[in-house]
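User: I'm new to this and keep tripping over the vocabulary. Can we go through the labels and see how each one is earned?

Analyst: Sure, here's what we'll look at.

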Amino acid sequence: MKLVPLGDRVVLKPQEAEKTTKSGIVLPGNEKEKPQQAEVLAVGPGGVIDGKEVKMQVSVGQNVIYSKYAGTTVKLDDTEYIIVKQSDILAVVED
C-alpha cells in the first residue's frame with residue numbers, strides 16, 4: 001500500500017527514539033520522548049490552498065524536524081507514518 005499526500009501535506013517516517021543519551025544513560029521504554037525528527041517519504045503537489053499559492057519546499061529523502069503535536073499518525077503494514085501540513089515542518093536537517 002502507498003500513501004499519496006494531497007495539497008500541502010507531507011508523509012513522514014519518524015526516526016527511532018534514542019535508547020541511551022550521549023552521556024551513556026540508558027532510558028527506559030516509558031521515559032523516551034517521541035522524536036521530532038523524520039524522513040520525508042512523499043510530498044503533496046502544493047497549489048492553491050485556502051486561496052493562497054503554496055509552493056512545496058521539502059522533497060523526498062530529506063530529514064526534517066516537525067512540531068511536537070503536529071499531524072495525524074497512520075499505521076500501515078506495521079509501520080507508523082505521520083501526515084503533516086508543510087507549515088508544521090520547522091526545519092530541514094542538512095549534513
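Analyst: Let's begin with a term: a strand here is a DSSP run of E with at least two residues, and a helix is a run of H or I with at least four. By that rule, this predicted model has zero helices and eight strands. From the N terminus on, the elements read β-β-β-β-β-β-β-β.

User: Where is Asp 8 found?

Analyst: Asp 8 sits in the segment before strand S1 (9-14).

User: Why is Asp 8 called buried?

Analyst: The cut-off for buried is under 20% relative accessible area. Asp 8 has 10%, so it counts as buried.

User: And what makes Arg 9 partly exposed?

Analyst: Partly exposed covers what lies between under 20% and over 50%. Arg 9 comes in at 32%, so it gets that label.

User: How do you know that Asp 8 and Arg 9 meet in a salt bridge?

Analyst: A side-chain nitrogen of Lys or Arg must be within 4 Å of a carboxyl oxygen of Asp or Glu. Here the N to O distance is 3.2 Å, so the pair qualifies. In general, side chains of opposite charge can pair when their charged atoms come close.

User: How many salt bridges does a search of the whole structure find?

Analyst: Just one.

User: Which residues is Asp 8 in contact with, leaving aside its neighbours within four places in sequence?

Analyst: Those are Ile 49, Val 54, Met 56, Val 84, Lys 85 and Gln 86.

User: What share of the protein chain's residues count as buried?

Analyst: Of its 95 residues, 25% do.

Conventions:
Residues are numbered from 1 along each chain as its sequence is written. This is a predicted model: local features need pLDDT of at least 70, side-chain atom pairs count only at pLDDT 80 or more; totals for chains, interfaces and linings use all residues. Side-chain values use heavy atoms; hydrogens and water are left out. Buried means under 20% relative accessible area, exposed over 50%, partly exposed in between (1.4 Å probe, protein chains only). Contact means heavy atoms within 4.5 Å.
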